[in-house]
Amino acid sequence: MTVTTTKSAYWAGVRDGLPFIVMVVPFALLFGVVGIEAGLSMAQTMSFSVLVIAGASQFAALQLMLENAAIGFVLLAALAVNLRMAMYSAALAPHLGGAPFWQRALVGYLNFDQSYMASIAKYEDNPQMTLPAKVAYFLGVALVISPLWCVFTYIGARLGATVPADIEIAFILPIAFLSMVAPMLKSLAHVAAAFVSIIVAISLAGLPAGSGLLIAAVCAMLTGVVVESWMERAKP
Amino acid sequence: MNYTQSEIWLIIGIMAVGTFAIRFSFLGLIGAGAIHPLIERMLRFTPVAVLPGMVAPLVLWPSSAGGEPTLWHFMAAAAALGVAYKTRKVVWGMLAGCAIFYGPLIMGLL
C-alpha cells in the first residue's frame, strides 16, 4: 500500500491509532481514579496526564508518592521508566530529523509507545514515504490517543471517590504490550532480541525500577544486531 | 501522601520537563543522518528489546496475585502474544488476552 499524499498519511495514522483506544481508555480512567484517591487535586491529576503523557511513569510516580518516597527518588524512578523513549527519539531521528523545529518539538511531546511503534513500523514498510507524509502519519496516530488520554483521565478523576480502583485492570498493560510486540517478531534476530530482553529483565528485576530494563534492552539490541549479521552471512 | 502542594507541583513540573527532554533528545539535537549505522541498526530492535523485558516481570510476578506466578496470568499473556503473532494484528491479540484474563472474572469464576 502506497501513501501518496500528506492528508492520506494523516488519516492512515488515525486509522492505525484507533486500536490503541482499547488500552488507552481504561488506563486513563484508572490514572484519574487512582490519582484522586491518592490525594492529588483535580488540577494536579490533569497536569500529570496533559504535561507528562506517559502512563507507565505516571503510575510509577504515583506509587512512590503513596509510599512517601523522597522526591528525588520519585523523579529518578519515574524518569527511568521513560528513558526508553530516548531510544525512540533516536530511532525516529533518521526519519523525521529533517522536519521543521516546531514539528520535531511536537513529535517529541507526543513521542510515546504507541505513536512511536505504529510510526516506525509504517516507515520501515514504506521506505518511499515523504517527510511530510511521515510527520502527518505520526501526528495522526498520536492525536487519536493523546486527547483521549486527557479526557478519560478527567472522567476517571471525576468518578474518583465513587469507583473502587480494581487492581486487576492493570493487567491490560502487559496484554496490550505483548499484542503490540508480537507482529514485530519478523525474523530470528527479532525473536532472539525479545528472548534476551525477557531473560535479562527477569534476572535484574531486583535492581531499582527501570534500570534493569535498560540493561536488558541494550543486551537485546546487541543480540538482534549480532544474530542479524549471522543470518546475512549465512545467506548465499 | 505527605507532600506539600508545592512539592507535588515540583514533581509534576520536573517530570514534564524531563520526559520532554528525553523524548525530544535525538530529534532535537541531531537531526537527519547523523547517527552511526551500527547505532541505527541497534535502534531498529528497540521495540522488541524494550517491551518484552518490561512485560516479563508483570506476567511472572503479577502484583494482583501477591507477586506469585499464576497459570491464569501466563495463559492470558500467551494468548495475546500467540494470537497477535498469528494474525499480525494488535487488536486481535488484545481481545484474545482480555477474553482469557477478564472472561472468567466477568463470569464470576475466579
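Confidence varies along chain A of this predicted model. Among the elements of chain A, the lowest mean pLDDT, 77, belongs to helix H5 (residues 71–82), and the highest, 96, to helix H3 (residues 42–52). Taken as a whole, chain A has a mean pLDDT of 86, with 92% of its residues at 70 or more.

Just after helix H3 of chain A comes a backbone detail that may catch the eye. A:Ile53 sits in the loop between H3 and helix H4 (55–66) of chain A, and its phi is positive, near 35°, although the residue is not glycine. Is A:Ile53 buried or exposed? A:Ile53 is buried, because 24 other C-beta atoms lie within 10 Å, and the cut-off for a buried residue is 20 or more.

Further along the chain, helix H9 (residues 131–159) of chain A offers a simple check of geometry. Its 29 residues should span 42 Å at 1.5 Å a residue, and the C-alpha atoms at its ends are indeed 42 Å apart, so expectation and model agree. Even so, H9(A) carries a kink of about 30°, centred on A:Ala142.

Chain B can be described briefly: it has five helices and zero strands, which gives the order α-α-α-α-α from the N terminus on. Of the 110 residues in chain B, 38% are buried.

Helix H4 (residues 71–87) of chain B is a good place to look more closely. This helix has 17 residues and reaches 24 Å from its first C-alpha to its last, close to the 24 Å expected at 1.5 Å a residue. The buried residues of H4(B) are B:His73, B:Ala76, B:Ala77, B:Ala79, B:Ala80, B:Leu81, B:Val83 and B:Ala84. In an α-helix there are 3.6 residues a turn, so residues three or four places apart point the same way. The packing partners of the buried residues of H4(B) come from both chains: helix H10 (172–181) of chain A, together with helix H3 (46–60) and helix H5 (90–106) of chain B.

The residue that follows H4(B) is B:Arg88, in the loop between H4 and H5 of chain B. Here too phi is positive in a residue other than glycine, with a value near 60°. B:Arg88 counts as partly exposed, because it has 13 C-beta neighbours inside 10 Å.

The contact between the chains takes 79 residues from chain A and 66 residues from chain B. On the side of chain A that touches chain B, helix H6 (residues 84–96) of chain A gives the most, with 12 residues. By class, this side of chain A has 61 nonpolar, 15 polar and three charged residues.

One residue of this meeting of chains is B:Val48, placed in helix H3 of chain B. Why does B:Val48 count as buried? There are 29 other C-beta atoms within 10 Å of B:Val48, where 20 or more are needed. Beyond four places in sequence, B:Val48 touches A:Val181, A:Met184, A:Leu185, A:His190, A:Ala193 and A:Ala194. Seen from the other chain, A:Ala193 is in contact with B:Phe45, B:Val48 and B:Ala49, and its partners in chain A include A:Ala220 and A:Met221.

A:Ala193 also appears in the largest nonpolar core, which holds 115 residues. The members that touch the most other members are A:Ile175, A:Leu178, A:Ala193, A:Ala220 and B:Ala80. The largest share of this core, 13 residues, is provided by H9(A). B:Ala80, for its part, is among the buried residues of H4(B).

Terms used. Residues numbered from 1 in each chain as written. Chains lettered and ligands numbered in written order. Predicted model: local features only at pLDDT ≥ 70, side-chain atom pairs only at ≥ 80, totals over all residues. Helix = DSSP H or I, 4+ residues; strand = E, 2+ residues; numbered from the N terminus. Buried ≥ 20, exposed ≤ 12 C-beta atoms within 10 Å, placed from the backbone. Contact = placed C-beta atoms within 7 Å. Nonpolar A, V, L, I, M, F, W, Y, C, P; charged D, E, K, R; others polar. pLDDT = per-residue confidence, 0-100. Expected span 1.5 Å × (residues − 1). Bend = angle between axes of the 7 residues up to and from the residue. Core = buried A, V, L, I, M, F, W, Y, C linked by C-beta atoms within 7 Å.
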